Amino acid sequence: QVQLVESGGGLVQAGGSLRLSCAASGDIFSINAMAWYRQAPGKQRELVAAATSGGSTNYADSVKGRFTISRDNAKNTVYLQMNSLKPEDTAVYYCNADVRNSWYRSKAYWGQGTQVTVSS
């Protein structure tokens, strides 16, 4: 089994910054993609940013230039630096990881979510 533990959410004023972290632990042989999703009340979950083990990244148009995803592969950890936050960034943010275990079986795992609230 694999666990993803997120941290770093909270309440911030518009224009402020937050940094989210997500650490994976358990039966991990390798991790391909790690990503952040978010879900606002009444809306579907959407991809915010993703990063592969090779360093490729992609972002939702709404966060390009403001958010940065990064990984520490040695620590099986992914970060999301969020700058110039807007009220519309308010959501529960979820970490996702595509993990290959010691049996070389791959599975996607989700964190429990962390609330980000941006006040105007």
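## A four-stranded sheet

In this predicted model, four strands come together as an open sheet in the order 1-3-8-7, with antiparallel pairing. Strand 1 (2-7) and strand 7 stand at the edges; each has a single partner strand, so one side of each is left without a neighbour in the sheet. On average, neighbouring strands here are turned by 15 degrees against each other, direction ignored. A general point helps when you look at the picture: strands of a sheet pair through backbone hydrogen bonds, either parallel or antiparallel.

You can walk across the sheet one pair at a time. Strand 1 and strand 3 are joined antiparallel over six bridges, and one place to find this pairing is valine 2, whose bridge partner in strand 3 is glycine 26. Next, strand 3 (residues 18-26) runs antiparallel to strand 8, with six bridges between them. Here serine 21 has tyrosine 79 of strand 8 as its bridge partner. Finally, six bridges link strand 7 to strand 8 (residues 77-82), again antiparallel, and phenylalanine 67 is partnered with methionine 82 in strand 8.

## Two faces of the edge strands

Which side chains of strand 7 are buried, and which are not? In this strand (residues 67-72) the side chains alternate: Phe67, Ile69 and Arg71 point to one face and are buried, while Thr68, Ser70 and Asp72 point to the other face and are not. Take a moment to find Arg71 in the structure, since it is one of the buried side chains.

Strand 1, at the other edge, can be read in a similar way. Its covered face holds Val2, Leu4 and Glu6, and its uncovered face holds Gln3, Val5 and Ser7. Behind both examples lies a general pattern: in a regular strand the side chains alternate between the two faces of the sheet.

## The hairpin of strands 7 and 8

Strand 7 and strand 8 form a hairpin with four residues between the strands. Asparagine 76 in this hairpin takes a positive phi near 50 degrees. As background, most residues other than glycine have a negative phi.

Asparagine 73 is also found in the loop between strand 7 and strand 8. Its relative accessibility is 42%, so asparagine 73 counts as partly exposed. In sequence, asparagine 73 and serine 53 are 20 residues apart, while in space their C-alpha atoms are 7.1 Å apart.

## Two more loops with a positive phi

Serine 84 sits in the loop between strand 8 and strand 9. Although serine 84 is not a glycine, its phi is positive, at about 50 degrees. With 40% relative accessibility, serine 84 counts as partly exposed.

Is tyrosine 104 buried or exposed? Tyrosine 104 is exposed, because its relative accessible area is 54% and the cut-off for exposed is over 50%. This residue lies in the loop between strand 9 and strand 10 (106-110). Its phi is near 65 degrees, another positive value in a residue other than glycine.

## The nonpolar core

The largest nonpolar core has 31 residues, and those that touch the most other members are Leu4, Trp36, Val48, Phe67, Leu80, Met82 and Tyr93. At least two residues of this core come from each of strand 1, strand 3, strand 4 (30-39), strand 5 (46-51), strand 7, strand 8, strand 9 (91-100) and strand 11 (114-119). Which strand gives the most? That is strand 9, with five residues. In soluble globular proteins, nonpolar side chains tend to be buried together.

Leucine 4 makes a good starting point for exploring. Leaving out residues up to four places away in sequence, leucine 4 touches ten residues' worth of names you can look up, including Cys22, Ala24, Cys95, Tyr109 and Trp110.

## The protein as a whole

How many helices and strands are there? The protein has zero helices and eleven strands. Its C-alpha atoms fill a box of roughly 50 × 25 × 20 Å along the principal axes. The radius of gyration is 14 Å, which agrees with the value near 14 Å for a compact globule of 120 residues.

Of the 120 residues, 40% are buried. Among contacts with a separation of 6 or more, 55% join residues 24 or more positions apart. The accessible surface comes to about 6500 Å², and carbon and sulfur atoms account for 47% of it.

Methods: Residues numbered from 1 in each chain as written. Predicted model: local features only at pLDDT ≥ 70, side-chain atom pairs only at ≥ 80, totals over all residues. Heavy atoms only, no water. Buried < 20%, exposed > 50% of the residue type's maximum accessible area, 1.4 Å probe, protein only. Pairing = 2+ DSSP bridges. Axes fitted to C-alpha atoms, helices over the stretch in contact; angles between N-to-C directions. Core = buried A, V, L, I, M, F, W, Y, C linked by side-chain atoms within 4.5 Å. Contact = heavy atoms within 4.5 Å. Rg over C-alpha atoms; globule rule 2.2 N^0.38 Å. Areas by Shrake-Rupley, 256 points an atom, 1.4 Å probe, with all protein chains shown as cover.
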